Amino acid sequence: MTGLSSPVAQALTSVFPWKEVANVVDIGSAQGCIPVRLALAHPHLKACGFDLPAVGPIFSRFVAAHDLSERVHFTAGDFFHDELPRADVLTMGFVLHDWDLPTKRMLISKALAALPPGGSLIVYEMLIDDERRMHLPGLLMSLNMLIETRGGFDFTAGDCIGWMRKAGFSRARAVGLTGPYGAVIGVK
Ligand SMILES: C[S@@+](CC[C@H](N)C(=O)[O-])C[C@H]1O[C@@H](n2cnc3c(N)ncnc32)[C@H](O)[C@@H]1O
């Protein structure tokens with residue numbers, strides 16, 4: 001995942017006003033590409049990865065290799081059974097597309113519950129264009145998720161903005177990242 005997510009992580013360092021927040025938790029962090037890249041770019045930021053317990057040692061090794069063990073931590077958990085860790089900002093990338101619509105909505109609602117008023121959820125994926133006609137990588141990725149998972153699918157920025165608003169986010173907007181990747185930023 002680090003190979004796939006590195007350009008996205010680099011783009012994320014500049015599309016959000018990180019100076020205004022103190023901490024960020026990456027939900028479904030895998031090795032920790034996103035928290036590590038954000039912490040390297042923003043020395044004031046405390047970052048955390050949340051993933052299944054088995055991921056912990058892999059995450060910790062990657063963080064130590066970047067000399068960030070004091071500012072980047074791991075929280076073990078299962079987002080089906082546990083609440084999400086609280087933070088000013090939550091990021092969630094290539095996670096929602098793994099799951100069916102009720103699970104997508106559940107994760108967005110859990111993220112809302114973990115944020116303070118004014119806090120943000122940043123969802124990054126290969127966002128399909130709203131007409132579902134142009135974004136070939138996103139459409140193919142969605143087909144891939146259909147084959148690889150029970151109910152996963154990729155989605156448009158408009159879909160994600162709609163799910164966030166319905167969950168209770170006060171506003172949400174889409175931003176381009178790099179290549180075929182984009183993000184939806186929802187504010188509680
Ligand atoms: C496709 S990877 C995304 C990795 C990372 N966000 C990135 O952009 O590189 C999905 C991640 O979700 C994690 N995951 C799957 N089920 C989970 C669960 N029930 N609770 C917490 N994390 C889970 C996996 O372990 C994996 O690291």
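## The shell around the ligand

The shell around the ligand consists of eight nonpolar, five polar and three charged residues. The structure described here is a predicted model. Among the 16 residues around the ligand, those that come nearest are Ser5, Gly28, Asp51, Asp78 and Tyr124. The ligand occupies the space of the largest pocket.

## Polar contacts with the ligand

Two of the nearest residues, Ser5 and Gly28, also have atoms paired with polar atoms of the ligand. In Ser5, the partner is an N or O atom of the side chain, which is 2.6 Å from an oxygen atom of the ligand. In Gly28, a backbone N or O atom takes this place, 2.7 Å from a nitrogen atom of the ligand. The backbone of Ala30 also takes part: one of its N or O atoms lies 3.4 Å from an oxygen atom of the ligand. The ligand exposes 600 Å² when taken alone, and the protein buries 86% of that area.

## Cysteines without disulfides

How many disulfides does a search of the whole structure find? The search finds zero. For Cys48, the reason is distance: the closest cysteine sulfur, in Cys33, is 15 Å from the sulfur of Cys48, too far for a bond, whereas a disulfide requires two cysteine sulfur atoms within 2.5 Å. Cys160 is likewise in no disulfide, and the nearest cysteine sulfur, again that of Cys33, is 20 Å away.

Are Cys48 and Cys160 buried or exposed? Cys48 has a relative accessible area of 12% and is therefore buried, since the cut-off for buried residues is under 20%. Cys160 has a relative accessibility of 0%, so Cys160 also counts as buried.

Conventions. Residues are numbered from 1 along each chain as its sequence is written. This is a predicted model: local features need pLDDT of at least 70, side-chain atom pairs count only at pLDDT 80 or more; totals for chains, interfaces and linings use all residues. Side-chain values use heavy atoms; hydrogens and water are left out. A residue is near a molecule or strand if one of its heavy atoms lies within 4 Å of it. A polar contact is a pair of N or O atoms within 3.5 Å; within protein, one must be able to donate a hydrogen and the other to accept it, and residues adjacent in sequence count only if both atoms are side-chain atoms. Accessible areas come from the Shrake-Rupley method with a 1.4 Å probe; for residues, only the protein chains shown count as cover. On a 1 Å grid over the protein atoms alone, a cavity is a set of points where a 1.4 Å probe fits but cannot get out, and a pocket is an open set with protein on both sides within 12 Å along at least five of seven lines; lining residues have an atom within 4 Å of a point. A molecule sits in a cavity or pocket if more than half of its atoms lie within 2 Å of its grid points. Ala, Val, Leu, Ile, Met, Phe, Trp, Tyr, Cys and Pro count as nonpolar, Asp, Glu, Lys and Arg as charged, and the others, Gly among them, as polar. Buried means under 20% relative accessible area, exposed over 50%, partly exposed in between (1.4 Å probe, protein chains only).
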